Amino acid sequence: MNIVVLGAQWGDEGKGKIIDFLAEGAAVVVRYQGGNNAGHTVVIDGKKFALRMVPSGILHKGKKCVIGNGLVIDPKALLEELKYLKKNGIYTGSNLLVSENTNVILPYHKLLDTLNESKSKKGKIGTTSRGIGPAYMDKMGRTGIRMVDLLNARVLKEKLERNLQFKNYVLKNYYRVKPFNKNVLFKEYLGYGKKLKRYIVNTFPFLYEQVLLDKNILFEGAQGTMLDIDFGTYPFVTSSNSTSGGACTGSGVGPNAINKIIGVTKAYTTRVGEGPFPSELSDDFGAMLRKKGNEYGVNTGRPRRCGWFDAVVGRYSAMVNGLTGLAVTKLDVLSGIKELKICVAYNINGKIVKDFPADMDNLAAAKPVYKTVKGWDEDLTRINKYSELPGNTKKYLKEIEKLTGVNISILSIGPERSQTFILDKIWKR
Ligand code: IMP
């Protein structure tokens with residue numbers, strides 16, 4: 001049984017927690033896209049772990065964790081993450097495999113990311129400044145440096161030389177900043193290769209064998225559907241396929257091996273960075289949600305924009321991912337709100353639209369059409385059975401199911417591993 005768990009909104013849906021919860025039943029956990037722009041939080045017995053590139057399965061003993069070819073890896077940041085995990089008593093040895101094919105983020109990617117954002121006021125995306133976009137540009141431009149290249153001095157030198165010719169030209173003549181020294185970078189990155197050598201392997205035969213042996217594989221998505229390079233609110237997106245198809249292209253596992261696709265969604269909506277967000281609450285109520293839900297980026301600390309649950313996004317997400325179930329998180333945050341709103345359609349210049357628009361001007365003009373449902377006062381954080389939920393909470397969840405056309409498989413009512421319960425047999429066919 002192989003399951004993809006991905007963000008059904010704009011990221012930060014609480015995927016880390018859901019993955020951690022499901023990892024118990026998995027033999028292997030695979031990350032398939034993104035990089036250290038992600039920040040997956042898992043709380044175990046009050047202790048908070050923040051993971052960036054290493055799959056959340058690392059927090060469970062005996063699970064194999066794979067960093068797939070679809071990521072872009074900052075080796076320095078990866079070494080820091082491994083150090084952080086070791087310091088916190090988490091084993092990261094033979095249980096971690098990094099695909100040889102994974103592309104590398106270099107310092108010029110990070111600098112170009114920052115410079116690009118600061119130079120273009122109107123086109124600002126609000127990136128995490130981790131060099132994600134420029135690294136994926138090089139991958140697609142076929143000039144990227146891969147993890148396997150860090151183990152081959154000749155190739156690394158040649159590729160660095162070629163890349164720096166162009167990058168340094170742009171840095172000097174367009175951005176008017178200091179260029180990079182080829183020899184310094186070569187030495188530094190060859191050094192990272194030496195330190196990471198034990199992890200860099202051919203992950204494809206390993207994963208294929210797991211599929212043939214019918215082991216449970218969990219695919220850990222990063223970011224979210226609306227940040228996907230193809231299906232998201234382009235250009236206000238990340239540079240990879242965070243949707244379910246990315247699980248295959250970013251790991252080397254064929255689509256016929258995927259059995260279930262769980263979309264993680266908050267009981268409301270948040271977004272960081274720029275770009276349209278129709279159900280956004282830019283008022284005191286939105287600020288209250290931010291405070292109550294502690295909506296600040298794990299990675300960058302940026303305050304998240306908050307709004308009502310958007311079923312247009314939910315339906316779209318169900319469609320482009322082929323969602324087989326939903327995991328609804330942060331349901332507890334909505335306790336004590338008299339009336340809850342759900343965005344069921346957009347009014348775009350007088351026209352009612354139920355399909356997510358591609359034109360950013362239309363999306364920016366979209367006024368949410370709301371359905372109002374009754375809220376509940378009860379604290380949900382100690383509940384561990386669906387039947388114990390207040391009647392209005394169940395009605396709210398039923399609305400989400402009806403509007404998205406997807407059944408809820410998992411509910412999360414607090415940050416702890418224990419504050420999660422499943423509504424169907426996830427690891428059974
Ligand atoms: P980048 O991935 O750093 O290039 O950023 C592109 C967009 O994706 C920006 O709006 C970021 O705020 C957003 N983004 C990237 N990673 C995450 C994440 O893990 N959670 C939420 N938003 C993200």
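The radius of gyration used here is taken over C-alpha atoms, and the rule for a globule is 2.2 Å times the number of residues to the power 0.38. With that in hand, welcome to this predicted model! For 429 residues, a compact globule would have a radius of gyration near 22 Å, and the chain agrees because its own value is 22 Å.

**Overall shape and fold**
- Along the principal axes, the C-alpha atoms of the chain fill a box of roughly 65 × 50 × 40 Å.
- If you trace the secondary structure, you will meet 12 helices and 20 strands.
- Take the contacts between residues at least 6 apart in sequence: 76% of them join residues at least 24 apart.

**Two domains**
- The domain assignment splits the chain into domain 1, written as 2-93 + 202-422, and domain 2, written as 103-196.
- Look at how those numbers run: domain 1 is given as two stretches of sequence, and the range of domain 2 falls between them.
- From the C-alpha centre of domain 1 to that of domain 2, the distance is 29 Å.
- Where the two domains are in contact, domain 1 contributes 27 residues and domain 2 contributes 22 residues.

**Inside and outside**
- Of the 429 residues in the chain, 57% are buried.
- The chain exposes about 18,700 Å² of area, and 52% of this comes from carbon and sulfur atoms.

**Charges**
- Counting charged side chains gives 65 positive and 40 negative ones.
- The centre of the positive set and the centre of the negative set lie 5 Å apart.

Note on methods. Residues numbered from 1 in each chain as written. Predicted model: local features only at pLDDT ≥ 70, side-chain atom pairs only at ≥ 80, totals over all residues. Heavy atoms only, no water. Helix = DSSP H or I, 4+ residues; strand = E, 2+ residues; numbered from the N terminus. Buried < 20%, exposed > 50% of the residue type's maximum accessible area, 1.4 Å probe, protein only. Contact = heavy atoms within 4.5 Å. Areas by Shrake-Rupley, 256 points an atom, 1.4 Å probe, with all protein chains shown as cover. Lys, Arg positive; Asp, Glu negative; His and termini not counted. Charge placed at Lys NZ, Arg CZ, Asp CG, Glu CD. Domains from an automatic or database assignment.
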